[in-house]
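Me: I have a model open in front of me and would like to learn how to read its backbone. Could you walk me through a few features?

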Amino acid sequence: FYISLAALISLTTLVGCTDDDSGKISVTGVTLDKTELTLGVGENRTLVAEVLPADADNKNVTWSSDDKNVATVDNGGKVTAIAEGTAVITVKTKSGGKTATCTVTVGKSVVYIVGAYYDGVNDLPCMWVDGVREDLALPSGRSSAGANSIAVADDKIYIVGIATGGYSIPYLWTDGLLSALALPSGTLAASTGSIAADVGKTYIAGDCNNGTTMNPYIWIDGQY
């Protein structure tokens with residue numbers, strides 16, 4: 001019994017010519033930026049999935065919830081709390097079927113109200129959390145201010161408002177940290193309306209007055 005050299009080379013070639021040698025980089029796993037998440041009813045949070053390795057050819061994933069009555073998840077990983085309870089959110093790679101999970105606990109919703117209170121001299125910015133007042137920082141050089149809109153997302157509280165005591169200037173509070181919004185050149189005064197936030201970005205609607213006209217603007221992460 002013997003195999004010719006030509007037959008051996010042919011056999012070796014056939015054995016080695018598999019899908020694994022096609023040059024594609026296979027998925028080895030997937031992770032989530034959070035494995036546990038707590039939300040109030042009506043709140044939302046976007047989970048971020050990372051497919052491994054970073055240079056895998058197919059990074060497509062699907063999302064699912066084991067209890068849609070408690071929490072739902074969309075195709076982008078945005079989790080929305082529906083009712084009190086616990087749900088498990090699963091992300092699954094389309095290539096290789098690798099999975100990662102996040103346990104979502106939905107509790108009683110928190111009521112946020114923003115505005116201002118009068119201290120006997122000036123209006124000062126604040127918010128109320130379930131009826132308990134929490135003061136916000138007053139912009140430097142300003143005697144009064146007020147908050148007019150709030151968004152709760154990504155485990156952060158975003159509040160927008162204006163400082164008065166002169167020309168009105170818009171400000172953003174992120175978890176209490178104060179920052180001014182960028183203004184177009186020539187702006188004399190500005191005001192803000194609503195704010196929305198998602199995946200670490202803020203979107204603020206308002207307008208700016210250049211002394212002649214009032215023009216609408218949208219600020220994204222503080223930039224118009």
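Me: Is D221 buried or exposed?

Reply: D221 is partly exposed, because its relative accessible area is 36% (buried means under 20%, exposed over 50%, partly exposed in between, with a 1.4 Å probe and protein chains only). This is a predicted model, where local features need pLDDT of at least 70, side-chain atom pairs count only at pLDDT 80 or more, and totals for chains, interfaces and linings use all residues. Residues are numbered from 1 along each chain as its sequence is written, and side-chain values use heavy atoms, without hydrogens and water.

Me: What is the phi of D221?

Reply: Most residues other than glycine have a negative phi. D221 has a positive value near 55 degrees, and sits in the segment after β19 (strands are DSSP runs of E, at least two residues, numbered from the N terminus). D175, also not a glycine, has a positive phi of about 50 degrees. D175 is in the loop between β15 (169–174) and β16 (177–180), and is partly exposed at 45% relative accessibility.

Me: Which peptide bond is cis?

Reply: Most peptide bonds are trans. The bond joining L52 and P53 is cis, with omega about -5 degrees; P53 belongs to the loop between β4 (49–52) and β5 (61–65).

Me: What is the order of the strands in the open sheet of three?

Reply: Strands of a sheet pair through backbone hydrogen bonds, parallel or antiparallel. Here the order is β17-β18-β19, with antiparallel pairing (two strands pair if DSSP finds at least two bridges between them). β17 (189–198) and β19 (214–220) are at the edges with a single partner strand each, so one side of each has no neighbour in the sheet. β17 and β18 (201–209) share eight bridges, and T192 has G206 in β18 as its bridge partner.

Terms used:
Helix = DSSP H or I, 4+ residues; strand = E, 2+ residues; numbered from the N terminus.
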